[in-house]
Structure formats: C-alpha cells, structure tokens
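Welcome, and thanks for opening the viewer. Please load the model, keep the selection panel handy, and we will go from stop to stop together.

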Amino acid sequence: MFASFSVSSARGRGAAGLAAATLVSGLVAAGLLAAAGTAVAEDTPQSEGGATATIGDLKTYGAAVVHDGGTDEEVPAGLFEMSVDYGGTLQTYCIDLHNPTQKDAKYQETTWSGTSLDGNKNAGRIRWILQNSYPQVNDLAALAAKAGAAGLTEQDAAAGTQVAIWRYSDGADVDAVDPQAEKLADYLEKSARNLPEPAASLTLDPPAVSGHPGERLGPVTVHTNADSVTVTAPTDAMDSGVKIVDTAGKEVTSAVDGSRIYFQVPRKAQDGSAELTVQASTTVPVGRAFVSESRSQTQILAGSSESTVSAAATANWAATGAIPALSAEKNCAEGGVDITAVNKGDEAFTFALMGTEHTIPAGKSQTVTIPLQEDQAYDFTIKVPGGYEKRFKGVFDCKTASSAGGLKTQTLSEPSPALAGGPTAADTDLAETGGSSATPIIAGTAIGLVVIGGAALLLIGRKQTPTRD
C-alpha cells in the first residue's frame with residue numbers, strides 16, 4: 001500500500017569510497033552512506049526470532065458496527081488465518097482497527113513493546129480474552145452459557161471476540177451486529193483481567209556478538225518454549241573453521257531453553273563474520289503480537305498449530321581495530337528504532353546518525369534511538385569497518401490510527417498505491433477486518449507525507465583514539 005524507499009549501497013575502497021544518497025519524502029531528507037569493503041548487506045528485515053507467516057483470508061467472521069464521529073460503519077470482524085513459513089498455521093485477531101490489511105503480507109512475531117500495545121494498560125486484558133474465548137474455547141455451548149448468548153455460532157463467537165478486543169486495543173466504540181455476538185463481547189469485556197505478556201516462541205539474546213579470532217564469541221542465550229531447537233552452523237563453517245560450541249567448548253547441533261552457545265573462531269581465521277540459525281517446531285503462545293514490514297494491520301495470536309519457528313545470531317571478528325556487533329529493535333515508548341552497537345575491538349568507531357555523530361569506544365557499547373514518525377517506512381544499511389554490513393528495515397507502526405489522528409477505517413484486498421475511492425463489498429469479499437465499503441482509501445496520500453523510507457548512516461572505522469572510561 002505504501003511506497004517503500006531504500007538507501008542504496010555504494011561500493012568503494014576504504015574510506016575513499018564514500019557515496020552520497022539523498023532521499024526526500026514529505027519534509028525529510030537523508031544524507032550520506034559510507035561504502036567500506038565488499039561484503040553484501042544481510043537482505044532480511046530485522047527480526048527478534050519466532051514465527052514468520054503470510055496472512056491469508058478472514059476465515060471465520062461476522063459483522064460489527066464502528067461508531068466514530070457521529071457516523072456508523074459496518075465492518076467484518078473475526079479470525080484471520082496465517083500460513084507459517086516452513087510449516088504451520090496461525091489464527092489471529094486484529095488489534096489495529098483503523099489500518100488496512102494487505103493481502104499476502106509477511107508477518108513476524110514480536111514483543112508488545114514493538115506494537116501499539118506498548119503503554120496500553122489493557123493489553124493484558126486482551127490476552128485474557130484470547131485465552132477465554134473462541135477458538136481457545138471451542139465448546140460454544142459452554143461459552144454461550146457464560147455469556148448468556150443462546151445459540152452461539154462460530155461466526156458469532158469470532159465476531160464477539162474481535163469486538164471485545166477492539167474495545168481494549170483501539171479504545172473503539174464498536175458493537176457486534178448479531179445480538180448473540182454482542183452479548184459475548186460484553187461478557188468478555190466485563191470479565192477480562194490483566195495477564196502478563198507471553199514469552200516468545202524462540203529468540204536469541206543477543207542477536208549479534210563480536211570479538212577476536214581465537215576466542216569464543218558470545219554467549220548467545222536460547223529462549224524458547226520448544227522442547228529443543230536445532231542449531232545450524234554457518235554455511236561456510238568448513239572453510240572458515242568456525243564452530244558452534246557450548247560453555248565447555250563442545251560442538252553443538254541442538255540446544256534447549258536457557259542454553260548458552262558460542263561462535264568458536266580459529267586463532268588464524270581471517271577477519272570476517274558468520275551467522276548461526278536455530279529452528280524448532282512448537283506452538284506459538286497465545287497473545288503474541290505479529291507485525292508486518294508493509295504496514296498491514298497488527299495482529300495478535302489466538303491459536304497455533306505445531307509451527308516452525310526460527311532465530312538467527314551473527315558474529316563479527318577481526319584481529320585489530322574496531323570490531324562492532326550491531327542489532328536493532330523497535331522501541332515504541334521512545335518513538336524510534338534502537339540501534340545497539342557493541343565494540344569488542346581495540347579502537348573506536350564513529351557513525352553519524354540524523355546529523356549527530358556517535359562514537360563507540362573500544363570495549364564499550366551504546367544504544368542509539370533513531371527517531372521515526374508514526375507510519376514511517378525505514379530501510380537503511382550500516383557499513384562497519386572490515387566490510388561488514390547490516391541492514392534494518394520495517395515500518396514504525398506503534399499507534400492505532402485513532403491515536404495518531406483519527407483516520408477512518410479502511411480496507412484493502414491487495415497491496416497498492418492510493419486509490420481514488422473506496423472498494424465495494426463485492427471488491428473486498430469481506431477479506432479484511434476494520435474495512436468499510438463507504439470509506440475512501442486515503443492512506444497512500446495522508447500517510448505518505450510522513451514516510452521518509454530510510455535513514456542514512458555514515459560509519460568510519462578506526463577514526464580516532466577514544467578517551468577510555
């Protein structure tokens with residue numbers, strides 16, 4: 001739906017290979033990107049690990065009416081189905097009523113802090129609703145008895161559950177059309193209690209480490225609800241001699257929750273980098289949030305089959321000079337993306353971010369927050385000394401549209417630029433929650449003014465001798 005721009009990588013040799021890249025969208029312009037070495041940036045969105053899935057159709061749903069600004073709009077309300085990469089199926093509800101759903105959008109499991117649930121005092125009540133309603137509770141007769149909703153169907157149950165969630169996720173004034181679904185929504189809203197955020201299905205902490213050849217780089221700690229995970233060594237491990245080992249130095253091919261694993265880099269290894277991956281089959285915990293890099297509306301998990309989950313961690317090593325480890329995480333509370341830079345080397349490195357230089361001294365770490373506007377797409381590559389590159393991309397979608405300015409409910413059946421008018425019911429086939437056949441698609445122009453598409457960074461290695469603390 002929204003245009004996505006990226007900062008192109010410029011190739012060059014050493015510090016002389018600086019290239020300028022300017023991006024202008026709305027009122028914002030971005031600056032320089034340094035080229036160093038020949039490594040190719042990792043062409044993947046930032047990920048905390050867990051399940052990655054593609055959203056499909058709205059499978060089980062009814063109708064709801066949103067009351068907003070003196071107008072009433074009827075929208076579909078119910079359960080989406082997602083197909084998990086490499087196997088599995090998820091069922092989700094929407095927690096982003098006023099934003100569109102893009103058909104076939106890719107989603108990534110994430111923490112509440114990276115979504116509009118951050119700072120929402122009722123986020124835990126949404127998890128209670130998910131655990132105490134359809135489809136987790138599939139005994140519709142028992143659910144109907146609790147809610148006083150006789151003859152509750154699957155469609156009613158899905159619609160009523162979605163309506164109750166919207167009242168807490170978006171603060172929406174919304175009612176289910178079917179009387180039985182409305183009774184269920186009222187029961188769930190009144191009965192909900194705050195529960196803690198569920199743990200991730202699989203993550204690695206930290207996702208990036210660095211150090212010198214001859215050392216064990218890490219530890220990287222495995223966090224998972226799976227019984228065990230498969231550990232895959234770097235694809236070029238046989239050539240580089242890099243091994244994945246445990247605390248005792250024994251090579252590992254599997255791990256469990258709490259395992260601490262390391263990159264064992266040979267003493268004579270040339271300066272370089274490597275990535276390990278872990279994978280498991282498990283059910284994703286109910287209440288985990290899912291976000292899209294294309295600003296398709298945020299989802300929350302209602303049910304999971306046995307699904308494939310994965311996570312990755314990188315290592316960067318060098319004999320001398322600066323040795324950075326870079327990772328990123330969306331920080332809705334601070335209004336941006338946190339870039340964490342760790343320097344395990346013996347020299348500092350400096351990068352310029354949004355016109356401000358940040359120096360990471362030898363042996364130190366620093367977290368820099370890239371300020372972003374709501375609904376802003378970002379796609380930027382950081383180049384570090386030695387030719388290592390790290391790319392981060394996504395959309396900063398931390399608020400419901402009502403809290404960001406009260407956009408009308410929208411729907412899209414396909415990703416596209418701004419459309420002149422709203423789709424009809426026949427066009428959408430009720431494929432997205434929060435949609436309205438009466439509302440024009442205005443997001444491409446309204447939101448486009450705040451999308452800058454990328455942040456430009458200038459990284460310079462071995463620039464100066466830092467003052468040590």
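One cut-off will help on this tour: a residue is called buried when its relative accessible area is under 20%, exposed when that value is over 50%, and partly exposed in between. Please keep in mind that this is a predicted model.

**The whole chain**

Start with everything shown as a cartoon. The chain holds 8 helices and 26 strands. Of its 469 residues, 53% are buried. Among contacts with a separation of 6 or more, 72% join residues 24 or more positions apart.

**First stop: a pair on two strands**

Select Asp379 and Arg391 and show their side chains. The two form a salt bridge, with 2.6 Å between the closest N and O atoms. Asp379 sits in strand β24 (residues 376–383) and Arg391 in strand β25 (residues 389–396), so this pair ties together parts that are 12 residues apart in sequence. Are these two residues buried or exposed? Both Asp379 and Arg391 are buried, so each has a relative accessible area under 20%.

**Second stop: around Arg167**

A search of the whole structure finds 10 salt bridges, and several are waiting here. Select Arg167, Asp175, Glu182, Asp186 and Glu189, which are joined into one network by salt bridges that share partners.

Now centre on Arg167 and look at Glu189. Their closest N and O atoms are 2.8 Å apart, in a salt bridge. Arg167 belongs to helix α3 (residues 154–169) and Glu189 to helix α4 (residues 179–191), so the pair links parts that lie 22 residues apart in sequence. Next, pick Asp175: its side chain meets that of Arg167 in a salt bridge too, at 3.3 Å from N to O.

How do the members of these pairs stand in terms of burial, and which is buried or partly exposed? Arg167 counts as buried because its relative accessibility is 11%. Asp175 is partly exposed, with a relative accessible area of 27%, and Glu189 is likewise partly exposed at 27%.

**Third stop: two helices side by side**

Keep α3 on screen and add helix α1 (residues 123–131). The axes of α1 and α3 come within 9 Å and cross at roughly 170 degrees, which means that α1 runs roughly antiparallel to α3.

Which residues meet here? On the α1 side, select Arg125, Ile126, Ile129 and Leu130; on the α3 side, they meet Thr161, Ala164, Ile165, Tyr168 and Ser169. Sorted by class, this contact has 6 nonpolar, 2 polar and 1 charged residues.

**Last stop: a small set of strands**

Hide the helices and select strands β19, β20 and β23. They make an open sheet of 3 strands in the order β19-β20-β23, paired in the antiparallel sense. β19 (324–331) and β23 (365–371) stand at the edges with a single partner strand each, so one side of each has no neighbour in the sheet. Neighbouring strands of this sheet are turned against each other by 20 degrees on average, direction ignored.

Zoom in on β20 (residues 336–343) beside β23: the two pair in the antiparallel sense over 7 bridges. To finish, select Asp338 and find what stands opposite in β23: the residue there is Thr369.

Definitions and conventions:
Residues numbered from 1 in each chain as written. Predicted model: local features only at pLDDT ≥ 70, side-chain atom pairs only at ≥ 80, totals over all residues. Heavy atoms only, no water. Salt bridge = Lys/Arg side-chain N within 4 Å of Asp/Glu carboxyl O. Buried < 20%, exposed > 50% of the residue type's maximum accessible area, 1.4 Å probe, protein only. Helix = DSSP H or I, 4+ residues; strand = E, 2+ residues; numbered from the N terminus. Axes fitted to C-alpha atoms, helices over the stretch in contact; angles between N-to-C directions. Parallel < 35°, antiparallel > 145°, perpendicular 65-115°, else oblique. Contact = heavy atoms within 4.5 Å. Nonpolar A, V, L, I, M, F, W, Y, C, P; charged D, E, K, R; others polar. Pairing = 2+ DSSP bridges.
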